[in-house]
Amino acid sequence: MNLTDRDERTASAGEYVLGTLSAEERQAFEAALVNDAGLQAETAYWQDRLLPLAHHVGTAAPAAGLWSRIEARLPASRARDEVDGLAVEAANDSLWRRLRVWQGVSALATAAALVMGVMLSEQVERDARGAVAPRYLAVLEAPDDKRNGWLVEATAGGRLRLVPIVPPEAVPAGKALQFWTKAEGAAGPTSLGLVQPGQVVELPVERMPTLGARQLFELTLEPEAGSPIGRPTGPILYLGRTVQL
């Protein structure tokens with residue numbers, strides 16, 4: 001587990017919340033978590049996204065004698081030692097480490113899909129009871145390397161939230177992040193204000209001219225006081241379009 005690698009930090013934080021880290025990895029992760037604010041933010045994000053799944057799953061007691069049957073199927077201690085030796089050898093191999101990152105990302109993608117499935121099922125249930133305001137979601141990614149950086153959540157007639165999903169990145173001196181939106185077919189963008197790196201932004205949807213599917217949201221790098229001309233002037237750092245849930 002290499003917590004200096006961006007992808008592995010994300011995968012490890014998600015695996016920590018899911019409870020799939022080994023005992024040794026969990027101990028190392030928790031030790032790093034104490035003084036690493038970025039890792040704490042990454043972990044808090046996955047807790048917010050994954051822990052609500054527990055409310056949709058009932059508890060179940062294992063069948064009597066299950067553990068004894070599992071133990072009976074385990075190989076002898078010699079075979080276990082051989083497996084442990086292979087595991088150590090594999091863990092030292094760079095290919096295995098890269099594979100572990102992708103396995104972790106795959107686990108997070110699966111969990112995220114489950115979250116989306118729960119959200120969609122709840123939407124169907126609410127629709128069956130009566131009309132509700134539509135909800136929208138946009139994942140903002142860096143245009144150069146497609147890194148996911150922020151999440152936009154909005155409900156028609158309600159609130160809009162901009163949530164960071166990676167540790168905060170330093171902004172150059174004299175510069176600021178500015179949040180923009182532009183509905184599909186609109187003549188120009190609308191500023192939604194300046195954003196502090198790593199902080200959640202929440203504002204009423206009424207601040208926007210409109211809200212709908214495929215609406216563009218983006219973060220640009222602007223002068224410290226914001227764009228002086230009412231439209232983006234600096235480079236686009238993150239952007240994405242909404243989908244309706």
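**Buried residues, ring pairs and salt bridges**

Biologist: Why does Thr43 count as buried?

Modeller: Thr43 has a relative accessibility of 3%, and buried means under 20% relative accessible area, with exposed meaning over 50% and partly exposed in between (1.4 Å probe, protein chains only), so Thr43 belongs to the buried class. This is a predicted model, in which local features need pLDDT of at least 70 and side-chain atom pairs count only at pLDDT 80 or more, while totals for chains, interfaces and linings use all residues. Residues are numbered from 1 along each chain as its sequence is written, and side-chain values use heavy atoms, with hydrogens and water left out.

Biologist: Where does Thr43 lie, and which residues is Thr43 in contact with, leaving aside its neighbours within four places in sequence?

Modeller: Thr43 is placed in helix α3 (residues 37-50), where helices (H or I, at least four residues) and strands (E, at least two) are DSSP runs numbered from the N terminus. With those neighbours left aside, Thr43 is in contact (heavy atoms within 4.5 Å) with Ala13, Tyr16, Val17, Phe29 and Leu33.

Biologist: Tyr16 and Phe29 also form an aromatic pair; what makes this pair stacked?

Modeller: Rings of Phe, Tyr and Trp (its six-membered ring) pair if their centres lie within 6.5 Å, and planes under 30 degrees apart count as stacked, over 60 as edge-to-face and the rest as tilted. For Tyr16 and Phe29 the values are 4.6 Å centre to centre and 25° between the planes, so the pair meets the conditions for stacking. Tyr16 lies in helix α1 (residues 6-18) and Phe29 in helix α2 (residues 23-33), so the pair ties together parts 13 residues apart in sequence, and both residues are buried.

Biologist: How do you know that the pair of Phe179 and Phe217 is stacked?

Modeller: Their ring centres are 5.8 Å apart and their planes stand at 25°, so this pair is stacked as well. Phe179 is in strand β4 (residues 175-182) and Phe217 in strand β7 (residues 216-223), so parts 38 residues apart in sequence are tied together. Phe179 is buried, with a relative accessible area of 0%, and Phe217 counts as buried at 0% relative accessibility.

Biologist: What makes the contact of Glu153 and Arg161 a salt bridge?

Modeller: A salt bridge is a side-chain nitrogen of Lys or Arg within 4 Å of a carboxyl oxygen of Asp or Glu. The N to O value for Glu153 and Arg161 is 3.0 Å, so the pair qualifies. Glu153 counts as buried at 17% relative accessibility, whereas Arg161 is partly exposed, with a relative accessible area of 30%.

Biologist: How do you know that Glu153, Arg159, Arg161 and Glu202 are linked in a network?

Modeller: Besides the bridge of Glu153 and Arg161, Arg159 forms a salt bridge with Glu202, the closest N and O atoms being 3.4 Å apart. Arg159 is in strand β3 (residues 159-164) and Glu202 in strand β6 (residues 201-204), 43 residues apart. Arg161 and Glu202 meet in a salt bridge too, at 3.9 Å, N to O, and since Arg161 lies in strand β3 and Glu202 in strand β6, that pair ties together parts 41 residues apart in sequence.

Biologist: Why is Trp67 called exposed?

Modeller: The relative accessibility of Trp67 is 57%, so Trp67 falls in the exposed class; its place is in helix α4 (residues 66-73).
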